[in-house]
Amino acid sequence: MMNSEPKRLCGRYLAENKDDFLKAYHIVVDVKETDKSYIMQLVEFNSRYSASHISLLFSKSKRVVLSKKKGGFAIRSWSDDSFTFYPFQAGTPYYFEKLPGTGGKEEHTVQEVKPIQDDCLECESKDCAYNRDGICRFSKVFDRGPSITEEDGCTEFVIRHTY
């Protein structure tokens with residue numbers, strides 16, 4: 001039986017161009033796709049001139065939430081765990097490939113959040129660095145609960161890296 005729902009983006013992705021030193025760039029982002037948005041966190045960014053739209057996108061924060069409803073950005077997921085990102089729908093689109101060993105193969109979504117203890121929550125995002133054995137440990141690190149919205153789910157999500 002085929003699963004009709006498309007696989008969501010989740011993991012660490014690389015966009016790279018080495019054609020010409022003036023047009024060269026190296027961009028690494030962590031991406032989590034929810035029902036209503038894309039959450040992107042800039043990990044590495046090296047460019048002389050060509051990746052100005054990416055630079056502008058992350059100019060105020062290393063983390064952005066792009067609403068699927070509002071538009072302004074074009075993202076196309078491909079079947080091989082890669083995607084094309086066209087920031088501000090201007091300039092040149094960027095092709096991102098998933099880095100090996102990042103993110104899971106299955107879909108991870110934030111479901112209903114239930115308190116386990118006074119400061120711990122149940123969590124189903126197995127790729128999140130704060131999730132240990134199904135329990136969110138965010139509040140143990142930051143002395144506050146994670147920000148969870150109806151639209152984006154848990155906005156504190158950070159990819160757990162396995163080396």
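These notebook entries record what I looked up in a predicted model.

**Entry 1. Strand E1 and its partners**

I began with strand E1, which spans residues 10–17. Seven of its eight residues are buried, so I noted E1 as largely enclosed by the rest of the structure. I then looked up the strands that pair with E1. Strand E2, residues 25–33, runs antiparallel to E1, and eight bridges join the two. Within this pairing I located tyrosine 13, which stands opposite valine 29 of E2. Strand E7, residues 94–98, also pairs with E1 in the antiparallel sense, over two bridges. There I found leucine 14 with glutamate 97 of E7 as its bridge partner.

**Entry 2. Asparagine 17**

I next examined asparagine 17, which lies in strand E1. Is asparagine 17 buried or exposed? Its relative accessibility is 16%, and because buried means under 20%, asparagine 17 counts as buried. I followed its side chain to two backbone atoms. The side chain reaches the backbone nitrogen of aspartate 19 at 3.0 Å. A polar atom of the same side chain of asparagine 17 lies 3.3 Å from the backbone oxygen of lysine 23. Setting aside neighbours within four places in sequence, I listed Lys23, Ala24 and Tyr25 as the residues in contact with asparagine 17.

**Entry 3. Salt bridges**

How many salt bridges does the model contain? The count comes to three, and I recorded each in turn.

I took arginine 8 and aspartate 35 to begin with; their side chains meet in a salt bridge at 1.9 Å, N to O. This pair links distant parts of the chain, with arginine 8 in the segment before E1 and aspartate 35 in the loop between E2 and E3, 27 residues apart. I checked the accessibility of both residues. Arginine 8 counts as buried at 16% relative accessibility, whereas aspartate 35 counts as exposed at 57%.

I then turned to aspartate 30 and arginine 12, whose side chains form a salt bridge at 2.8 Å, N to O. Aspartate 30 lies in strand E2 and arginine 12 in strand E1, so the pair ties together parts that are 18 residues apart in sequence. I noted that both aspartate 30 and arginine 12 are buried.

The remaining entry under this heading is lysine 68 with glutamate 33, where the side chains meet in a salt bridge at 2.7 Å, N to O. I placed lysine 68 in the loop between strand E4 (63–67) and strand E5 (74–77), and glutamate 33 in strand E2; the pair links distant parts of the chain, 35 residues apart. Lysine 68 counts as partly exposed at 35% relative accessibility, while glutamate 33 counts as buried at 11%.

**Entry 4. Serine 82**

I looked up serine 82 in strand E6, which covers residues 82–86. Serine 82 has a relative accessible area of 1% and is therefore buried. Which side chain does the side chain of serine 82 meet in a polar contact? I found tyrosine 95, at 3.0 Å. Not counting residues up to four places away in sequence, serine 82 touches Leu9, Arg76, Ser77, Tyr95, Phe96 and Glu97. I noted that Glu97 in this list is also the bridge partner of leucine 14.

**Entry 5. Isoleucine 39**

I placed isoleucine 39 in strand E3. Isoleucine 39 is buried, with a relative accessible area of 4%. I then compared its position with that of valine 158: the two are 119 residues apart in sequence and 9.8 Å apart in space, C-alpha to C-alpha.

**Entry 6. A nonpolar surface patch**

I closed with the surface. Which residues make the nonpolar surface patch of about 360 Å²? I identified Phe21, Leu22 and Tyr49. Of these I looked further at tyrosine 49, which is found in the loop between strand E3 (37–47) and helix H1 (52–57). Tyrosine 49 has a relative accessible area of 59%, and I recorded it as exposed.

Methods: Residues numbered from 1 in each chain as written. Predicted model: local features only at pLDDT ≥ 70, side-chain atom pairs only at ≥ 80, totals over all residues. Heavy atoms only, no water. Patch = residues over 30% accessible without salt bridge, like charges linked within 9 Å, V, L, I, M, F, W, Y side chains within 5 Å. Areas by Shrake-Rupley, 256 points an atom, 1.4 Å probe, with all protein chains shown as cover. Salt bridge = Lys/Arg side-chain N within 4 Å of Asp/Glu carboxyl O. Helix = DSSP H or I, 4+ residues; strand = E, 2+ residues; numbered from the N terminus. Buried < 20%, exposed > 50% of the residue type's maximum accessible area, 1.4 Å probe, protein only. Pairing = 2+ DSSP bridges. Polar contact = N/O pair within 3.5 Å; in protein donor to acceptor, adjacent residues only side chain to side chain. Contact = heavy atoms within 4.5 Å.
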